[in-house]
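Work through the exercises below with the model open beside you. Try each task before you read its solution.

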Amino acid sequence: METIRQVDEMQLRALALRDTGKRIAFVPTMGYLHEGHLSLVRAARQYADVVVLSIFVNPTQFGVGEDFESYPRNLERDSAMAADAGVDIIFAPETADMYPRNYATTVRVDGITETLCGESRPGHFDGVTTVVSKLFGIVQPHAALFGMKDFQQLAVVRRMTLDLNIPVEIVGMPIVREADGLAMSSRNKYLSSEMRQQALALSDSIHNAIQAAQQGETDVATIMDMVKSRIKGGQDARIDYVEICHDSTLKPITRIDEHSVLLVAVFFGSTRLIDNHYLLAPMD
Ligand code: AMP
């Protein structure tokens with residue numbers, strides 16, 4: 001495995017690989033890797049000859065007062081895990097190389113960025129779509145893999161690649177969970193053991209909602225009430241949102257059908273966790 005730090009070098013390498021007929025699969029991350037990231041890497045192998053993993057804590061997708069500074073970073077630890085999982089190239093650029101002086105472009109998707117995480121984190125998705133566009137231009141992938149853990153992000157990236165005719169196949173992968181159900185996240189590291197216990201309310205309440213929906217409950221309000229009261233049981237939990245939406249428009253709905261996705265975002269202290277699931281699909 002090789003680590004490339006320079007933007008120009010990564011782009012030249014990618015173009016050279018493509019010239020020799022190699023297919024490139026790409027997994028963008030912010031690092032502090034866990035099994036969720038590694039599941040994307042393993043799946044990436046099926047799409048290409050060369051797997052590139054980027055590690056970049058992108059400042060433009062963090063809001064004021066969010067955890068950009070404290071976000072966990074450990075390239076040495078990540079490199080060992082990435083090598084084990086079969087990454088060929090780690091691309092870990094510096095901020096000043098990604099956003100040099102005079103940098104002036106933002107890529108913005110309208111509509112589906114205005115609800116859910118977009119509403120509670122204004123500007124977040126502009127940062128995401130901008131950095132993903134830049135990374136696609138640098139890494140030149142044939143396929144890029146994203147986790148359904150960030151359901152809205154996946155929908156936004158799909159919209160962007162369609163709208164801008166970007167020739168990259170976008171692949172969505174299932175959420176990887178801890179044995180007790182908590183969705184893996186680099187931010188889980190911030191949780192005290194007490195809060196981690198309370199955080200199980202996310203996956204538990206989603207599990208209960210899926211059961212109710214599969215037993216025939218079709219009323220969204222009833223299911224949302226159930227989920228909210230389970231989450232509010234935790235003394236440190238503060239709900240950011242609980243919504244049941246259509247999977248492609250991300251608009252709220254009133255009756256459950258096969259397009260219905262339950263999405264939740266909850267603060268435990270200053271740590272904000274998200275989780276989601278289709279209501280009429282078996283839990284992953
Ligand atoms: P992040 O480093 O949090 O920006 O995540 C990088 C990629 O890994 C994104 O596509 C995430 O959706 C994905 N990811 C993060 N956590 C998980 C998880 N628990 N299961 C599957 N994919 C995940």
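Three exercises follow, on the ligand, the domains and one lysine.

This is a predicted model, where local features need pLDDT of at least 70, side-chain atom pairs count only at pLDDT 80 or more, and totals for chains, interfaces and linings use all residues. Residues are numbered from 1 along each chain as its sequence is written, and side-chain values use heavy atoms, with hydrogens and water left out.

**Exercise 1. The ligand shell**

Task: find how many residues surround the ligand, and which polar atoms face it.

Solution.
- Step 1. Count the shell: 17 residues surround the ligand (a heavy atom within 4 Å). The closest are His37, Gly147, Asp150, Val176 and Met184.
- Step 2. Look for polar contacts (N or O atoms within 3.5 Å). A polar backbone atom of Gly147 is 2.9 Å from a ligand oxygen. A side-chain N or O atom of Asp150 is 2.6 Å from an oxygen of the ligand. A ligand nitrogen lies 2.8 Å from a backbone N or O atom of Val176.
- Step 3. Check the cover. Alone, the ligand has 480 Å² of accessible area (Shrake-Rupley method, 1.4 Å probe). The protein covers 93% of that.
- Step 4. Name the elements (DSSP runs; helices at least four residues, strands at least two). Strand E2 (24-29), helix H2 (35-44) and strand E5 (143-147) each give two or more residues to the shell. H2 gives the most, with three.

**Exercise 2. Two domains**

Task: describe how domain 1 and domain 2 meet.

Solution.
- Step 1. Set the bounds: the domain assignment gives domain 1 (2-173) and domain 2 (186-275). Their C-alpha centres lie 26 Å apart.
- Step 2. List contacts (heavy atoms within 4.5 Å). 20 residues of domain 1 touch 16 residues of domain 2.
- Step 3. Take the buried area (accessible area, 1.4 Å probe, lost on being put together, summed over both parts). The domains bury about 1600 Å² between them, 63% of it on carbon and sulfur atoms. In domain 1, Leu116, Lys149 and Phe151 lose the most area to domain 2, together 35% of what that side buries.

**Exercise 3. Lys134**

Task: which residues is Lys134 in contact with, leaving aside its neighbours within four places in sequence?

Solution.
- Step 1. Locate Lys134: helix H6 (residues 124-139) holds this residue.
- Step 2. Read off the partners: Met98, Tyr99 and Tyr103.
- Step 3. Find the polar pair. A polar side-chain atom of Lys134 lies 2.8 Å from the backbone oxygen of Met98.

Methods: A polar contact is a pair of N or O atoms within 3.5 Å; within protein, one must be able to donate a hydrogen and the other to accept it, and residues adjacent in sequence count only if both atoms are side-chain atoms. Domain bounds come from an automatic or database domain assignment. Buried area is the accessible area (1.4 Å probe) that two parts lose on being put together, summed over both.
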